[in-house]
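Let's take a walk through a protein together. Keep the 3D view open and turn it around as you read.

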Amino acid sequence: MATIQQIQEFVAMAHRVGQSGLTVCSSGNLSVRLDNDEVMISGTGSWVPDLTPDKVSVCRLSTGEVLNGIKPSMESVFHMGVMRERPEVGCVLHFQSPYATAVACMKKRPADFNFTAECPIHVGREIPMIPYFRPGSPELASHVIEQMKHHDSVMLLKHGQVVCGKDFSQALERAMFFEMACRIAVINGDNVDPLTAEEIGDLDTYILGKITK
């Protein structure tokens, strides 16, 4: 079972999310994988920015069984589903962050979000758009799990964003850069000039060169 220290660390992560401005009240949820087939998930109806230890659910990852009597978020199905499909994923974050949600509600959305180098490097050069399904529904969960088999970030139309990472820091970085790209889209409207394929290819070459040195 998750230790008191692990739960306290999870609560601190939730508070960092709130301080980053990515979510307000109950409009978001997060999960972190533990080493013993367990996962911590923010509890159903909990307010992430003000999360307390008594609102942290601990579940058996392989089965979804609740281990500490605290019901997890209604989106726990896709949190655990992504982790089951991708053993390297240690954290999943889901928010109705202001700018990502604004873009998710647009009739005409950007064709891509590669406005600055941070998006193709950290978020993903292709962001799948998942059609609207009722929050917490099996349909939403299945679509998120399927798309995140091969992507680290997705947009839920009329809903918000979901990202994952090897740990909380990487997932939070992706969420913040995704939000930044959406902010650029909202502020600039049609007056945007995304990176070209050649410019993204140059980034790839630069990063590969740094890795191999």
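Before we start, one bit of vocabulary: a residue counts as buried if its relative accessible area is under 20%, as exposed if that value is over 50%, and as partly exposed in between. Also keep in mind that what you're looking at is a predicted model.

Let's try those words out on K158. Is K158 buried or exposed? With a relative accessible area of 61%, K158 is over the 50% mark, so we call it exposed. You'll find K158 in the loop between β6 (153–156) and β7. There's something else to spot here: K158 has a positive phi of about 60 degrees, even though it isn't a glycine. Most residues other than glycine have a negative phi. D37 shows a positive phi of about 60 degrees too, and it is not a glycine either. D37 sits in the loop between β1 and β2, and with a relative accessible area of 30% it's partly exposed.

Now zoom out. The protein is built from 7 helices and 7 strands. Reading from the N terminus, the elements go α-β-β-β-α-β-α-α-β-α-β-β-α-α. The radius of gyration is 17 Å, close to the 17 Å that the globule rule gives for 213 residues, so the protein is as compact as a globular protein of that length. Along its principal axes, the C-alpha trace spans about 50 × 45 × 30 Å.

How much of all this is tucked away? Buried residues account for 44% of the 213 residues. On the outside, the protein exposes about 10,700 Å², and carbon and sulfur atoms supply 54% of that. The chain also links up parts of itself that lie well apart in sequence: take the contacts between residues at least 6 apart, and 63% of them join residues at least 24 apart. As for charge, there are 19 positive and 25 negative ones, and their mean positions are 4 Å apart.

Next, find the helix α2 (76–85). In α2, 7 of the 10 residues are buried, so this helix is largely enclosed by the rest of the structure. Those buried residues are S76, F78, H79, M80, G81, V82 and M83. What do they pack against? Their partners are the strands β1 (28–33), β2 (38–42), β3 (56–60), β4 and β7 (160–165), along with the helix α5 (138–147).

Follow the chain out of α2 and you come to R86, in the loop that leads to β4 (91–95). R86 is buried, because its relative accessible area of 12% is under the 20% cut-off. Its side chain makes a polar contact with the side chain of D152, at 2.8 Å. Leaving out residues up to four places away in sequence, R86 touches R33, M148, K149, H151, D152 and C164.

Two more loops are worth a stop. P135 lies between β5 (129–130) and α5, and is partly exposed, with a relative accessible area of 30%. P135 and E75 are 60 residues apart along the chain, yet their C-alpha atoms are separated by 7.3 Å. E75 is also one of the residues that P135 touches, and M74, L140 and H159 are others.

Finally, look for C25 in the loop between α1 (4–19) and β1. C25 is partly exposed, with a relative accessible area of 36%. Beyond its neighbors up to four places away in sequence, C25 touches S46, W47, V48 and P49.

Definitions and conventions:
Residues are numbered from 1 along each chain as its sequence is written. This is a predicted model: local features need pLDDT of at least 70, side-chain atom pairs count only at pLDDT 80 or more; totals for chains, interfaces and linings use all residues. Side-chain values use heavy atoms; hydrogens and water are left out. Helices (H or I, at least four residues) and strands (E, at least two) are DSSP runs, numbered from the N terminus. The radius of gyration is taken over C-alpha atoms; the globule rule is 2.2 Å times the number of residues to the power 0.38. Buried means under 20% relative accessible area, exposed over 50%, partly exposed in between (1.4 Å probe, protein chains only). Contact means heavy atoms within 4.5 Å. Accessible areas come from the Shrake-Rupley method with a 1.4 Å probe; for residues, only the protein chains shown count as cover. Lys and Arg count as positive and Asp and Glu as negative; His and the chain ends are not counted. The place of a charge is taken as NZ of Lys, CZ of Arg, CG of Asp or CD of Glu. A polar contact is a pair of N or O atoms within 3.5 Å; within protein, one must be able to donate a hydrogen and the other to accept it, and residues adjacent in sequence count only if both atoms are side-chain atoms.
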